[in-house]
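Student: Could you take me through one part of this structure closely? I would like to look at the sheet and the helices lying across it.

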Amino acid sequence: MHYLQQQCYIKEIIIEPKLVNNIYEISKQYSDNIFLVVDKNTLKFLNKKILDKVSNIILPANVVASLDIIELVKNKAKSSDLIIALGSGTINDICKYTSYIEQKEYILFPTAASMNGYTSATASISVDGYKRSFTAHLAKAIYIDTDILTNAPIRLTLSGFADFICRSTAQADWLLSHLLLGTQYNELPFIMVNEMEQILLKEYQYLNKKSSEIVVLLMQALLISGFGMVISDGSYSASQGEHIIAHAMDIVNYNHCSLHGEKIAVTTMTMGNLQEKILSIKNPIIQRSTIEESEIIEYFGINQFTKILEQKKKYAAKCSKIVHEKWKNIFNIIQQNILPTKHLEKIFSELSMPYLPEHLGWNQKQYHTVANLAFATRDRFTFLDLANCIIN
Ligand SMILES: [Zn+2]
């Protein structure tokens, strides 16, 4: 509750056409001393006169949210008390984290329905070449220009669709942990997006046609998915095994050419197939994982995962009895919440989205090794863990 009181403070979210035309007037309501962050792609949405009126930084088109960039923006914005972000995921992460560490507020003008981080209180920052999640805060207000959103590059919109539709594998993993280990679980994030998900599953082809109605609906679903993470007190409702594999791939082979949601589309298919395969086992038996910590350290080149692996071995021992006694019940509860992977594959394929590792240029052998070892990279119990300790 304390967490909610601290973090749940978005004064307003406005979704309207042509809002960015009034970015200066809107921002001035909050402060006279603002600092505007754009990149070379989002600069085109601005009336250039604003650049003479407010302090600003124009970042490169494919900027990475790294600690160096955070430092740069932090220093440039030193004398301002409000940061304005005009952009999608990366600009949001940069402004969210910089404003948080500088104890400033930030206002967001998102330019694409590309991921669900606009309303989450964590920032994804690149450290030593791979993404890490840092505690941050929510925007003071969010202003969504529907013209800009609708006309965003299609890859960004489809990336957002994948980051939303991984709800299915994330919920299955979160439920698994809850049912086997008794960890906390909350149905509310899923109830809140269910109706929107049903529409998107029917009308997804309109994303490719840049239908304003459907793109805005996707954005609303992503915003609520972000709130779901806030009320879950962590990213549990929207980031499980599929995100763990994507982040583990980033460690061994960072793919700068692919968007977050494109990686998630591929890893969601992997998780979905794995979940279906494990759920189809009639009488599973749990045994100790044979993967040793030396293997994990050697593969990822990071020894911080040792503790996680130790913990995971205890989890496997803990869930053995309950799997033996209640598997049918566990199967029934999880099964009714998942989307069949055949259905997802059809959707991704019709949208011309990547859904296999080779679609992203990932080496299949490396990808399968990473998917097999990824469970040890995060302290979250998912079907990736079960895959390592289950036998038919
Ligand atoms: Zn995501």
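Tutor: Happily; here is a walk through the sheet, strand by strand, and then its helices. This is a predicted model, in which local features need pLDDT of at least 70 and side-chain atom pairs count only at pLDDT 80 or more, while totals for chains, interfaces and linings use all residues. Residues are numbered from 1 along each chain as its sequence is written, and side-chain values use heavy atoms, with hydrogens and water left out.

The sheet is open and has six strands in the order S1-S8-S5-S4-S2-S3, paired in parallel. Strands here are DSSP runs (E, at least two residues), as helices are (H or I, at least four), each numbered from the N terminus; two strands pair if DSSP finds at least two bridges between them. At the edges stand S1 (12–16) and S3 (55–59), each with a single partner strand, so one side of each lacks a neighbour in the sheet. On average, neighbouring strands are turned by 15° against each other, direction ignored.

Let us stay with the S1 edge. S1 runs parallel to S8 (residues 141–145), and five bridges join the two. Within this pairing, Ile14 stands opposite Tyr143 in S8.

Now for the helices. H11 (residues 212–231) lies across S1, S5 (105–110) and S8, and runs at about 170° to S1. Towards the other edge strand, H4 (residues 67–76) lies across S2 (34–39) and S3, at about 160° to S3. These angles run from 0 to 180 degrees between N-to-C directions, with axes fitted to C-alpha atoms, for helices over the stretch in contact; contact means heavy atoms within 4.5 Å.
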